[in-house]
Amino acid sequence: MKSLANFLGYEAVWFAAVVGAGRGDALPGCLAAAAFLAWQILVSDQRAADLRLAGIALLCGLSIDGSLASLGWLHYAAADLSAPPGAPLWILALWVAFAMTLNHSMSWLRRRPLWACALGLAGGPLAYWSASRGWQAVLFEPPAVRALAGLSAGWGIALPLLAGLAARWSAGGAAPRMADGGAQ
């Protein structure tokens, strides 16, 4: 039941952020993400791991979304509240909220780096595409495939990284190992 609540909570944050941004308001997403973060930290048995993941996810968002925005490949609605490299606060709040799923509803990815990579490659750009088409929260500069490829590459790297760190930092968890003892 906790996993389902975690998943639904994250989805609520995603909708608050995307719909709010599409209407020109970053505040609903930021507030929803802050509430979700506080709730997850309160109920989590892995607080330290969750907070560390949130920090790394924030850096991923600054890098990926900030780079693509700085290159002009995509533009964000409600970007008046932006972090220095060009990623708006609402998208960074989504990254932090997403990190709160990795030890909970998405914990199945922790020991499956190939699944994490595949989900990142496909699911990352799909979420942005949905935000663009449904609520105009993201605008892709033509050709859109360029930004989608950048998002795919970024998420294809970030999600296995985050899932691997979740495995390493979670209670009783160690990073996945290959037969020769090296990390996968």
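The exercises below, each with a worked solution, go through a predicted model of a protein chain.

**Exercise 1. Overall layout**

Describe which helices and strands the protein chain has, and in which pattern they follow one another.

Solution. Begin with the count of elements: the protein chain has six helices and two strands. Next, read along the sequence, where these elements follow the pattern α-α-α-β-α-α-β-α. Then turn to burial, for which the chain total is that 47% of the 184 residues are buried. The contacts add to this picture, since among those with a separation of 6 or more, 71% link residues that lie 24 or more positions apart. Finally, consider the outside of the protein chain, which exposes about 8,700 Å², with carbon and sulfur atoms supplying 69% of that area.

**Exercise 2. Confidence along the chain**

Find the mean pLDDT of the protein chain, and examine the residues over which the pLDDT is below 50.

Solution. The mean pLDDT of the protein chain is 92, and 90% of the residues reach 70 or more. The stretch to examine is residues 174-184, where the pLDDT is below 50. In the model, this stretch nevertheless has 18 contacts beyond near neighbours in sequence.

**Exercise 3. Two packed helices**

Work out how helix H1 and helix H4 are oriented towards each other, and which kinds of residues make their contact.

Solution. Two packed helices are described by the angle between their axes and by the distance between those axes. For H1, which covers residues 2-22, and H4, which covers residues 89-99, the angle is about 175° and the axes are 10 Å apart. An angle over 145 degrees counts as roughly antiparallel, and therefore H1 is roughly antiparallel to H4. The next step is to list the residues involved: H1 contributes Tyr 10, Val 13, Trp 14, Ala 17, Val 18 and Ala 21, while H4 contributes Trp 90, Leu 94, Ala 97 and Phe 98. Sorting these residues by kind gives ten nonpolar, no polar and no charged.

**Exercise 4. The surroundings of H4**

Explain why H4 can be called largely enclosed by the rest of the structure.

Solution. List the buried residues of H4, which are Trp 90, Ile 91, Leu 92, Ala 93, Leu 94, Trp 95, Val 96, Ala 97, Phe 98 and Ala 99. Because ten of the eleven residues of H4 are buried, this helix is largely enclosed by the rest of the structure.

**Exercise 5. Three buried helix residues**

For Asn 6, Ile 64 and Pro 125, state the helix in which each lies and give the residues that each contacts beyond four places in sequence.

Solution. Take Asn 6, which lies in helix H1. Its relative accessibility is 0%, so Asn 6 counts as buried, and its contacts outside the four-place neighbourhood are Phe 36, Trp 39, Gln 40, Met 100, Thr 101, His 104 and Ser 105.

Continue with Ile 64, found in helix H3, residues 47-70. Ile 64 has a relative accessible area of 13% and is therefore buried. Beyond four places in sequence, Ile 64 touches Trp 95, Leu 151, Gly 154, Trp 155 and Ala 158. Ile 64 and Ala 153 are 89 residues apart in sequence, yet the distance between their C-alpha atoms is 9.2 Å.

End with Pro 125, a residue of helix H5. With a relative accessible area of 9%, Pro 125 is buried as well. Its contacts, again leaving aside neighbours within four places, are Gly 120, Leu 148, Leu 151 and Ser 152. From Pro 125 to Ala 149 there are 24 residues in sequence and 7.8 Å in space, C-alpha to C-alpha.

**Exercise 6. Backbone details in the loops**

Decide whether Ala 78 is buried or exposed, do likewise for Gln 136, and identify the residues joined by a cis peptide bond.

Solution. Ala 78 sits in the loop between strand S1 (74-76) and H4, and has a positive phi of about 55° although it is not a glycine. Since buried means under 20% relative accessible area, Ala 78 is buried, because its value is 10%.

Gln 136 occupies the loop between helix H5 (113-135) and S2, and this non-glycine residue has a positive phi of about 55°. Exposed means over 50%, so Gln 136, with a relative accessible area of 52%, is exposed.

The cis peptide bond joins Pro 142 and Pro 143, with an omega of about -5°. Of these, Pro 143 is found in the loop between strand S2 (138-140) and helix H6 (144-169).

Notes
Residues numbered from 1 in each chain as written. Predicted model: local features only at pLDDT ≥ 70, side-chain atom pairs only at ≥ 80, totals over all residues. Heavy atoms only, no water. Axes fitted to C-alpha atoms, helices over the stretch in contact; angles between N-to-C directions. Helix = DSSP H or I, 4+ residues; strand = E, 2+ residues; numbered from the N terminus. Parallel < 35°, antiparallel > 145°, perpendicular 65-115°, else oblique. Contact = heavy atoms within 4.5 Å. Nonpolar A, V, L, I, M, F, W, Y, C, P; charged D, E, K, R; others polar. Buried < 20%, exposed > 50% of the residue type's maximum accessible area, 1.4 Å probe, protein only. Areas by Shrake-Rupley, 256 points an atom, 1.4 Å probe, with all protein chains shown as cover. pLDDT = per-residue confidence, 0-100.
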